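Good morning, colleagues. I should like to present the ligand site of one protein and the pockets found in that protein.

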Amino acid sequence: MTEHQPLGFDTLKVRAGYDSSEHQYAVSVPIYQTASYDLGSVERAEKLFGMEEAGYLYTRIGNPTVAVLEQRLTALDKGTGAVAVASGMAAVGYTLLNLAEGGGTILTTPRLYGGTFDAIKHLFPKFGVKVEFVENSDDPQSFRQAIGPDTKAILIESISNPNATILDVEAIAEIAHDNGLPLVIDNTFGTPYLFDSFSHGADIIIYSATKAIGGHGTTIGGVIVENGKFNWANGKFPHFEEPQFLLRDQATGRERSTLEVFPDAPFTSRIRLSYLAYFGAALSPFDAFLLIQGLVTLTERVDKQIANTLKVVKYLEQNDKVSWVSHPAAEGNPYRELAEKYFPKGAGSIFSFGFSGNDEQLKVFLNSVKLFSYHANVGDARSLIINSPKTTHGELNPEEQALAGIKPETVRLSIGLESAEDLIADLEQAFNQAFVKAVV
Ligand SMILES: *Cc1c(COP(=O)(O)O)cnc(C)c1O
């Protein structure tokens, strides 16, 4: 081992961002359950408020337990900074506002998490943040054609929900950068283990930590990570360059900009000092602790989930009550080549299949599963099942569902850590119930 050999992913997921000597030598990350912090002295308070000394002021904008989660994800994604927030939706919302503050358009694809789709379609336009959907997500040129003078960023998801489709990320990144735009990737389904967003051209990464990062279905949280490479001074983002009273130099009183004070991590610093400070969706220290616990076993869980997924995909492919299976590992899947390029360790454990019976039979099928939990989360240690068109993507009208490639017979699975044989047996008995009992 050479002195400068960078630490491996698995070492970082267990240790990054935590030095026990700074925390009374506690082996496990302590939960700093405090709202506020003593300033120590008037002199120190001046330095803290003047951003001349790094330190904690108030847990809404920073907490030592939350900071371990932020630093650990920064290390795993090889970024320069991160900010943790109270949910994945807060991460999505703050990111889009920070990009298009004062008005602008986010260019994206209809293949989005249902909550994100709904928010950017119906809520964000009311705040001047408009959205434009590309015509053909599979064709990178479709993104180029849709860019206008008002476009502020391209937003995509690394693996789509529920059909596990994959985009040509590098081609889309090049188009974004040619046009002075950042590429934002929601890598919730990819996870930092399966998908190296920054090396493929992302500028900002969003996570719903609720899913694979926490991994046990216990905790809501979100994280935004940046790598400090994007040029926010290219004229499209004046809010990064404007002098702010809050960032004034304590000695001279001169107001400074986000870019001036935080050159390495301007995006997440600005979210912390504007949106986290004033909209306030702060992650609680206890929840950060649970998410850190989850990260410790990320690799082991995701590897097992992928191994289980491959077995379940194989089972479904040979099942005559299944009309199609949408996962890159399925025979003839059109995203296989992209998956091999971008997801060499596997394209995740969340995917969908077509149920070949009628609505009544689908009801019996869903009511008959015993091991699979019928609910709307993903990335849990438990296996989950849901009829997406009527639930997670139920806010999309039929036209929007068609645009997002979600067919009425879609069933989504999120494969967990149980024995694969038991999962397959559970699906088998539920299919049998559906096709015996409910033949009309
Ligand atoms: C769940 C999810 C979100 C929202 O996260 P919450 O933690 O539930 O607020 C955003 N994006 C994707 C891809 C998700 O799966």
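I shall begin with the basis of the model and then turn to the ligand and its pocket.

This is a predicted model, in which local features need pLDDT of at least 70, side-chain atom pairs count only at pLDDT 80 or more, and totals for chains, interfaces and linings use all residues. Residues are numbered from 1 along each chain as its sequence is written, and side-chain values use heavy atoms, with hydrogens and water left out.

Residues near the ligand (a heavy atom within 4 Å) include Ser87, Gly88, Tyr113, Glu157, Phe189 and Lys211.

Let us consider the polar contacts (pairs of N or O atoms within 3.5 Å). The side chain of Asp186 places an N or O atom 2.7 Å from a ligand nitrogen. Ligand oxygen atoms are approached by a polar side-chain atom of Thr210 at 2.6 Å, and by a backbone N or O atom of Met89 at 2.9 Å. The protein buries 94% of the 380 Å² that the ligand exposes when taken alone (Shrake-Rupley method, 1.4 Å probe).

Where does the ligand sit? It occupies the second largest pocket, meaning that more than half of its atoms lie within 2 Å of the pocket's grid points. A pocket here is an open set of points on a 1 Å grid over the protein atoms alone, where a 1.4 Å probe fits, with protein on both sides within 12 Å along at least five of seven lines; lining residues have an atom within 4 Å of a point. This pocket holds about 320 Å³ of space. Among its 24 lining residues, Gly88, Met89, Tyr113, Ser208 and Lys211 lie nearest its centre.

Terms used:
Polar contact = N/O pair within 3.5 Å; in protein donor to acceptor, adjacent residues only side chain to side chain. Points joined across faces, edges and corners; volume = space filled by probe spheres on them.
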